[in-house]
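Please prepare a briefing on the structure shown below. It should cover the surface, the nonpolar cores, the open and enclosed spaces, and unusual backbone angles.

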Amino acid sequence: MSPSLPGPRRAPTRGKRAFAATWWGQAWVTALEDSTLDSGRLSRGRTYARQGMVGPVTVAPGQVKAAVQGSRPRPYRSAVHLPVLTDAQWDTLLDTIAARAGHLAALLDGEMPAELVDDARHVSVPLLPQPTELDPECSCPDWGHPCKHAAALCYAIAATIDADPFLLFALRGRGRDEVLAELRARRTAGRTADAPPTPAGIHAAGAYAAWAALAEHAPGLPDLPEPSALAAALPVPAPAGSGLTSTDLERLMTDASARATQLLAGDTSTLQLTQHQDAVRIAASGPGPEWFHHLIQTTGANPIAFARLTRAWRHGGPTGIAVAEQPHSPDPSAMAVARTSLTAALAEMTDAPVCIRAWRNRLTLTDHGIQLRLGPDARWYPYIQENDGEWWPAAPAATDPVAALTAVWQRTGT
């Protein structure tokens, strides 16, 4: 499952002093400053951060965000995105840390060992951010990359990174508790290496590949039984102390059987899900409020963010989650064509002129609380701005941006 992450926090300020006192905190600042040639916006960002204009900061996998007060009465919503590590990269990184006891001791002492970062770099795992990885986003009208508000957020969080190097792990996808649990498991495995081996599970992608190879050479394989038949034939009770009931096991078995049926039909979209994404998938299947809250507690996810991703899955599956979490830069011509189509359609839908703001793969109707996001599948995903000020997935995607707009136009009261 995904990380146990720090909750909202007030970003510390440091007056006229440098924003970072440690080498790893300074590496964060350097990545920001090397990501742009616009020294003017960086300077204003430093001023905003020192003046305490950055509100409570929330850290989630792949992003840090906060409200930043600008020149207008209402604060802007600023965020900085950072790519999360894949499961394979995490395994490599955790093995690297576990191999040297000094690495973990230093981390627990509030230090980021330079040797650990070097060891991770040698196995192609980026822990500290590179300039090209920082991806700012802000609701302000400034087109800078980054704007002064996102720059202020970056500077303000540097002091927190100084004090807690585990924050870098959280930004890469896994929080302190999950990292420590994984490292404890590796140490335990190392101490019991001579014990009889315990049967290991198989990743879904590997199991499917093995089945496909077998099916190719043995076409007479029997059909799978119906999911309900599997659940009814559950052979064992839930393990003691697992927190699971027999009903929970039946639900999991039914889910596994349904996924297997999808795979047999050629739908492999759920093979490469991370644990975090799979938790969202399970929650989106409607298992009930008890399971929903249990998944939030187990993953350590922010409840509102988890609910937003659950809705994104219901409207778009794995691609819906990608669209919700990771902005990207599509072909500019595709964005220009969509913007022209929307402008023409809006001229017929309303008498007042409508401002359409473009950023990366997003077209935002700022005065109407509507946003359309172009996904990697060339479909448009409609979002609406809810009362909490956040953008929520609002309807299934459409290949035509005008159709996506129409799906949510009436819901915003426009």
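How much area does the protein chain expose, and what share of it do carbon and sulfur atoms supply? The protein chain exposes about 20,600 Å², and 56% of that comes from carbon and sulfur atoms (Shrake-Rupley method with a 1.4 Å probe; for residues, only the protein chains shown count as cover). This is a predicted model, in which local features need pLDDT of at least 70 and side-chain atom pairs count only at pLDDT 80 or more, while totals for chains, interfaces and linings use all residues. Residues are numbered from 1 along each chain as its sequence is written, and side-chain values use heavy atoms, with hydrogens and water left out.

**Overall make-up**

- The protein chain has 16 helices and 10 strands (DSSP runs numbered from the N terminus: helices are H or I with at least four residues, strands are E with at least two).
- Of its 414 residues, 43% are buried (under 20% relative accessible area, with exposed over 50% and partly exposed in between; 1.4 Å probe, protein chains only).
- Among contacts (heavy atoms within 4.5 Å) between residues at least 6 apart in sequence, 64% join residues at least 24 apart.

**Nonpolar cores**

- The largest nonpolar core (a set of buried Ala, Val, Leu, Ile, Met, Phe, Trp, Tyr and Cys residues joined through side-chain atoms within 4.5 Å) has 51 residues, of which Trp28, Val54, Val57, Val64, Leu93, Met112 and Phe169 touch the most other members.
- Helix H6 (residues 148-163) provides the largest share of this core, nine residues.
- A second, separate core has 20 residues, including Leu363, Leu372, Ile384 and Ala398.
- Leaving out residues up to four places away in sequence, Met112 touches Trp23, Trp24, Leu107, Val117, Leu127, Pro165, Leu168 and Phe169.

**Largest pocket**

- The volume of the largest pocket is about 1,300 Å³ (on a 1 Å grid over the protein atoms alone, a pocket is an open set of points with protein on both sides within 12 Å along at least five of seven lines, whereas a cavity is a set where a 1.4 Å probe fits but cannot get out; lining residues have an atom within 4 Å of a point).
- Volume here is the space filled by probe spheres set on grid points, which are joined across faces, edges and corners.
- Its lining has 48 residues, and Lys65, Arg77, Glu137, Glu390 and Trp391 lie nearest the centre.
- Helix H14 (residues 303-325) gives the most to this lining, with seven residues.
- The lining divides into 22 nonpolar, 14 polar and 12 charged residues (Ala, Val, Leu, Ile, Met, Phe, Trp, Tyr, Cys and Pro are nonpolar; Asp, Glu, Lys and Arg are charged; the others, Gly among them, are polar).

**Cavities**

- Two cavities of 30 Å³ or more are present.
- The largest cavity has a volume of about 90 Å³, and its lining includes Cys138, Cys140, Cys147, Arg357 and Trp359.
- Strand S5 (135-138) and strand S6 (356-359) each supply at least two residues of that lining, and S5 gives the most, with three.
- The second largest cavity holds about 40 Å³, and H6 gives the most to its lining, with three residues.
- That second lining has eight nonpolar residues, one polar and no charged.

**Positive phi outside glycine**

- Ser124, in the loop between helix H5 (114-122) and S5, has a positive phi of about 65 degrees.
- Ser124 is exposed, with a relative accessible area of 59%.
- Arg360, in the loop between S6 and strand S7 (362-365), has a positive phi of about 50 degrees.
- Arg360 is partly exposed, at a relative accessible area of 25%.
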